[in-house]
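The following exercises accompany the structure shown below. Each task is followed by a solution in steps.

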Amino acid sequence: MGRGGISTARVLLCALVIAVHLIPSKPVKAFELFHAEVTRIETLLNAKQYADADSTALLVLEQALQQRQMPADTFSSLGQLLQSASRFEVSKAIFNAALERYTLEGRLNKMALTLLQLATSERHLSNYTNAVTYIRRAMSIAQIERDDILKARLNLELGIIQQEQGEIEAALEPLKQALLYFRENDMANEMSLSLLRIGEIYSLLNQATLAHTYYQDAFDSIQSSGNLKLLGSIKTRMGELSLKSGAVKQAIKTINEGLTLLLTTNDVGAIAQAKMLMGKALVEDGEVAKARALLQEAMQFASSSGQTKLMKEGRLALAQAYMKEQNFELALAEARTGTIDARKNRDIRGQLSFLSLQLSAFVSLGEFKKALDVQSVIQQLREVLLDSENKSAIEGLQAEIELVRQSRTLEKLEESKQLALAQAERENLQTTLFWSISLAALLLTFLVWSRYKQRQQTIILRREVRQQTLTLQEKNQELERAYKTLEEVSLRDPLTALYNRHYLESQLPGEIRRSQFSARQNPNTNKSKQDLLCLLIDIDHFKRINDDYGHMAGDRVLSAFASVLKEVFRQTDLIIRWGGEEFLVVCRQSNREELPELAERCREMVARTPFDIGLEKPIYITCSIGFSLLPPDKEDDFDTAWKRTFAVVDYALYATKLSGRNGWVGVIETLEAPRAQPTLLDTKFNFPGSRIATSFNNVASIQWPDTLDN
């Protein structure tokens, strides 16, 4: 809808609102209020402030629904205003309100037109199932009303939906039915749009000559009408066809002509589509920087308006642009995002397109292992797609065989009937009887033979379907095993076989909630086993081991150190390799008073254990430990509790290292009453007071990190 159309809709809206809501005491005020809101929506749409326009439109809708006297035509006009600006989600809400009013009023024709508009909005949002449902409901009304022009428009929209769904050949039938009606009734714009869509289908079928013919017919039929939007759209499609055939310069020229025409209109959706096509053409021409800017602009619009199809095409083109620039990391990032979106939308072909780009990017980056993993996923998806297509083909073949069988049977029966009539006319009864018996025997033989062949064919088809089903089940089982292996690998450290941070993050929230629940049920903390204990353990002078004996020796020490931790702590405790030479242990169902004993047992076990590093003599190492109750004070939020606890144990570990290493420092619990002389740890973490334990002489001998800062 152009600027003139928007202004007309605005005036209509204002007039209808005044007619319904005119209050005798304050008529001027009611008119001014609604006129201001409609003007504001139009201004916001023209300024491309779509979020504000959506909010204002929904507010107007809510106010209108509360008054219950707003005419349905007002809703319809506002929905068309928003739909013309590609605000499809909000337009759906407006059209649904209009549909409800038309239904209450029993206006079938208006109901059908609103259903068509709803289908258009759903199609732009790629909600094809909902769109087809609306089309079918509207078609039922059109059949009852015998509205041929509405049937033609519904067929046009149905063909567009099927085309965008990938049902290419099925889309031709409704489009050609619509074209026939529009041509017979000399409806130039609708005829041109039908020709354009049929041309797009032949372009998808790689029939370039036929596609160009339809595009040219569409252009010629409205060249003198002044419909710049449709003329611009046809030009851009001609340019896209040139791009597919490799004529890049011609494609850029034609698309630019179409974009110039579209920029004179307010159709922001068609402009974004044209910019996306221009970006793809410029990528092929080597003007990647300019292409990238256009593609990002088109994708930004697609994201704001919810058009997933346009977003997918733009992201594919943008990833290809990055590949052209040899910016493989950015290309990989776009391809990964596109793969995730396609998976959410169950778009297998889209996943294959983005995974192919990932494969090229990994190969270009020299990451061949990742490339092989991607290739494996691509192969699996291709097999899934092939299985789906094979199943459809088998079902189609069965239907075709049954149809042929029935046709042949009917043909034979008809022949038998005609032959019987001819024989009845003959004077010689013996000849008639002979031929009748012969033909009956021949027909019986043929029917038996046809039945036998059909049965054999059915057995073969069932065997193929069964084999395909078994193969698919085997592949699903292999995929499940692969997923389980991948999950196991992603949760464990490959060197020490301990769990990693990912595993801790998945287990810890539940443990914290369980501990806090137990604490609330049993407030006596002296004897209960309801606490979570957190210990952060660091190997002292580990860098020296790597420097003096090599990284292989360091890996052996880390692996053996993990074994020592497994001896010190229980099987139910979470032992995590935190990173480098740091290990984190979370003891479940424990008592806070056990913290000093656990820390000392760990320190002592490490200190007296010989570590074999492949030399004649083993080496001995020590460790430093910081610990705390988890959480150190009462916290209900998991993120706050965990971040606070880790900060405390890390601070305590640092204090242990500053105080001489081979020892431990930690917080057993925090106090509710403030202490007269708080420690630096209390001050740093805003504790009223805390009960601190250490393996050094006393708390006063601890060298806190903040002491060095001062």
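**Exercise 1.** Which residues in α8 meet which residues in α10?

*Solution.* This is a predicted model, in which local features need pLDDT of at least 70 and side-chain atom pairs count only at pLDDT 80 or more, while totals for chains, interfaces and linings use all residues. Residues are numbered from 1 along each chain as its sequence is written, and side-chain values use heavy atoms, with hydrogens and water left out.

Step 1. From α8, the residues Arg153, Leu156, Ile160, Gln163 and Glu164 meet Glu190, Leu193, Ser194, Arg197, Glu200, Ile201 and Leu204 of α10 (contact means heavy atoms within 4.5 Å).

Step 2. By class, this contact of α8 with α10 comprises five nonpolar, two polar and five charged residues.

**Exercise 2.** Describe how α8 and α10 are arranged, then treat α12 and α14 likewise.

*Solution.* Step 1. Two packed helices are described by the angle between their axes and the distance between the axes.

Step 2. Helix α8 (residues 148–165) packs with helix α10 (residues 188–204) at an angle of about 20°, the axes being 11 Å apart. The two are therefore roughly parallel, a term for angles under 35 degrees.

Step 3. For helix α12 (residues 228–244) and helix α14 (residues 268–285), the angle is about 25° and the axes are 10 Å apart. It follows that α12 is roughly parallel to α14.

Step 4. The residues of α12 in this contact are Ser233, Thr236, Arg237, Glu240 and Leu243, and among their partners in α14 are Gln273, Leu277 and Glu284. Five nonpolar, three polar and four charged residues make up the contact of α12 with α14.

**Exercise 3.** Compare the expected span of α23 with the distance between its end C-alpha atoms.

*Solution.* Step 1. Helix α23 covers residues 551–568, which is 18 residues. The expected span is 1.5 Å times one less than the number of residues.

Step 2. The expected span is 26 Å, and the end C-alpha atoms are 26 Å apart, so the two values agree.

Step 3. Among the buried residues of α23 are Val557, Leu558, Phe561 and Leu565 (buried means under 20% relative accessible area). The buried residues of α23 pack against elements including β1 (531–539), α22 (542–549) and α24 (595–608).

**Exercise 4.** Locate the cis peptide bond that involves Pro631.

*Solution.* Step 1. The cis bond joins Leu630 and Pro631, with omega about -5°.

Step 2. Pro631 lies in the loop between β4 and α25 (638–658).

How values were computed
Helix = DSSP H or I, 4+ residues; strand = E, 2+ residues; numbered from the N terminus. Buried < 20%, exposed > 50% of the residue type's maximum accessible area, 1.4 Å probe, protein only. Axes fitted to C-alpha atoms, helices over the stretch in contact; angles between N-to-C directions. Parallel < 35°, antiparallel > 145°, perpendicular 65-115°, else oblique. Nonpolar A, V, L, I, M, F, W, Y, C, P; charged D, E, K, R; others polar.
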